[in-house]
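Got your viewer open? Here's a short tour: what to select at each stop, and what you'll find there.

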Amino acid sequence: MITKIKGTQDILPAESRRWQDLEDVIFQVSRLYGFREIRTPIFEASELFHRSVGDTSDIVKKETYDFADRGDRMVTLRPEGTASVVRSVIENKLYAEPSLPLKMYYVGPMFRYERPQKGRQRQFHQFGAEAMGSYSPQVDAEMIAYATTLLAALRLPKVRVKINSLGDTPSKALYRDQLMAYLQPRIDGLCEDCRARFLDNPLRVLDCKVDKESPILAEAPKPLDFLTPEAKAHFEAVLGHLRGMGLEVQIDKSLVRGLDYYTHTVFELEADLPTLGAQATIGGGGRYNDLVETLGGPSFPAVGFAFGMERLLLALESLGEAEKPEPIHAFLIALGEGARTKASELLLRLRHGGLICDTDFMDRPLKGQFKQAERLGARFCLILGDDELAKGVINVKDTETGVQETVEWAQLYPYLVQKIREHAHHCGGECADCSEDC
Ligand code: HAM
């Protein structure tokens with residue numbers, strides 16, 4: 001048996017409805033905020049990620065799926081979406097559009113060669129969004145609001161928003177020097193990974209999972225203490241906008257994030273829900289004012305975030321909403337060959353009218369067909385035997401009330417629509433909408 005690759009997952013028919021529901025909420029919330037979808041390729045030139053996510057980041061050093069294609073070009077399965085969006089904005093000159101900021105979102109698979117565990121796969125999915133072209137701190141706050149609106153729409157409680165600022169390029173350079181000077185005499189007290197990070201990306205030492213309780217890190221200088229006046233003003237304005245919206249955030253002075261392109265605001269969303277296991281971080285993002293220029297575009301500031309969709313779905317499991325199959329409107333039970341042929345025609349008409357219908361394709365006996373109708377959650381069973389075939393009628397059984405009526409073929413569609421409407425309005429057919437003719 002050929003099995004799936006480690007760290008990948010099949011989304012089976014019984015689960016796909018949850019994904020589609022999540023995607024629906026994502027699309028709706030994105031529309032509320034004025035974001036439109038962008039779809040970029042899932043593989044890109046490897047250089048794109050080296051120059052954006054960063055050569056010294058764990059993602060590029062240890063986790064990318066890189067390969068030479070048959071033309072000997074080095075390509076990489078995207079580990080995240082931001083770099084591709086930026087590449088596309090530059091390549092398609094979207095930065096020159098009159099309607100700024102550009103507001104784009106994406107949903108799709110990402111690839112990271114990580115140690116798989118609950119909530120962490122090698123192929124996973126992100127919903128991400130990027131707002132590009134504005135320096136305004138209001139946009140940083142708007143992005144956090146967008147992320148929290150999604151969580152509210154999903155009814156996900158207990159989500160913490162942690163926020164920090166890394167400052168602009170001068171703030172980051174100043175901080176890096178201070179941090180290196182502090183760590184230099186203490187570096188032997190930290191883990192092996194930190195000793196390596198100290199040399200090529202000292203900021204990431206703050207994010208170490210192994211040394212997170214170490215007093216060396218607790219007492220280390222923090223980026224917030226080295227912000228230039230402009231960077232400080234930006235961060236305070238972001239916090240002011242968040243306060244204005246009544247959004248609660250926690251300042252986490254050690255938050256640095258795992259990608260190299262951030263400047264100014266960085267944030268993460270954490271949920272304390274048992275179904276998430278050890279992966280409490282359901283999303284993260286921040287501002288990246290220099291990335292467009294780094295990748296060969298003009299000076300074009302941006303801010304964005306991404307959620308892990310598997311983690312959102314795991315978090316939703318904590319709400320205890322069990323998956324229910326979508327009920328269908330009608331199941332047609334045809335008895336005999338002639339009835340089957342007529343059944344196909346009737347079903348076609350009902351489906352063209354927008355009713356969700358099914359029938360038996362397994363030669364089940366009558367009882368088995370009723371059972372199948374029940375499995376599919378059919379509201380109506382439509383029974384067509386030789387007698388009905390001869391008279392041009394069909395028996396319609398309402399599975400909720402148990403009432404059975406005989407209906408002419410030509411009346412079947414309006415009859416079902418009327419019953420479904422009455423049910424939706426809880427009016428017994430009395431309200432104006434239901435009593436008017438279809
Ligand atoms: P990130 O923090 O690397 O940010 O990933 C965002 C989210 O993707 C994480 O919070 C997590 O929920 C999910 N995620 C990451 N790796 C895995 C994995 N191996 N398995 C399951 N879920 C995972 C970014 O990717 C940035 N591009 C976000 C951003 C957009 N910043 C600015 N714009």
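Select T82 and the ligand: an N or O atom in the T82 side chain sits 2.8 Å from a ligand nitrogen, which is a polar contact (a pair of N or O atoms within 3.5 Å). Now add E114, where a polar side-chain atom is 2.6 Å from a nitrogen of the ligand. Then pick Y261, whose side chain puts an N or O atom 3.0 Å from a ligand nitrogen. Switch on the surface next: the protein covers 96% of the 660 Å² of accessible area that the ligand has on its own (Shrake-Rupley method, 1.4 Å probe).

A word on the model before moving on: it is predicted, with local features needing pLDDT of at least 70 and side-chain atom pairs counting only at pLDDT 80 or more, while totals for chains, interfaces and linings use all residues. Residues are numbered from 1 along each chain as its sequence is written, and side-chain values use heavy atoms, leaving out hydrogens and water.

Next, show everything around the ligand (residues with a heavy atom within 4 Å of it). There are 26 such residues, and E80, E114, Q121, E130 and Y262 come nearest. Color them by type and you get eight nonpolar, 11 polar and seven charged (Ala, Val, Leu, Ile, Met, Phe, Trp, Tyr, Cys and Pro are nonpolar; Asp, Glu, Lys and Arg charged; the others, Gly among them, polar). Which element gives the largest share of this shell? Select β10, with six residues.

Now jump to helices α1 (13–32) and α11 (309–317) (DSSP runs of H or I, at least four residues; strands are E, at least two). Their axes, lines fitted to C-alpha atoms over the stretch in contact, come within 11 Å and cross at roughly 105 degrees. The two helices are therefore roughly perpendicular (65 to 115 degrees, on a scale from 0 to 180 between N-to-C directions). Show side chains where they touch (heavy atoms within 4.5 Å): R18, W19, L22, E23 and I26 of α1 meet M309, E310, L312, L313, L316 and E317 of α11.

Two backbone stops remain. The L100 to P101 peptide bond is cis, omega near 0 degrees, and P101 is in the loop between α4 and β5. D72, in the loop between β3 and β4, has a positive phi of about 65 degrees despite not being a glycine.

Terms used:
A polar contact is a pair of N or O atoms within 3.5 Å; within protein, one must be able to donate a hydrogen and the other to accept it, and residues adjacent in sequence count only if both atoms are side-chain atoms. Angles under 35 degrees count as roughly parallel, over 145 as roughly antiparallel, 65 to 115 as roughly perpendicular and the rest as oblique.
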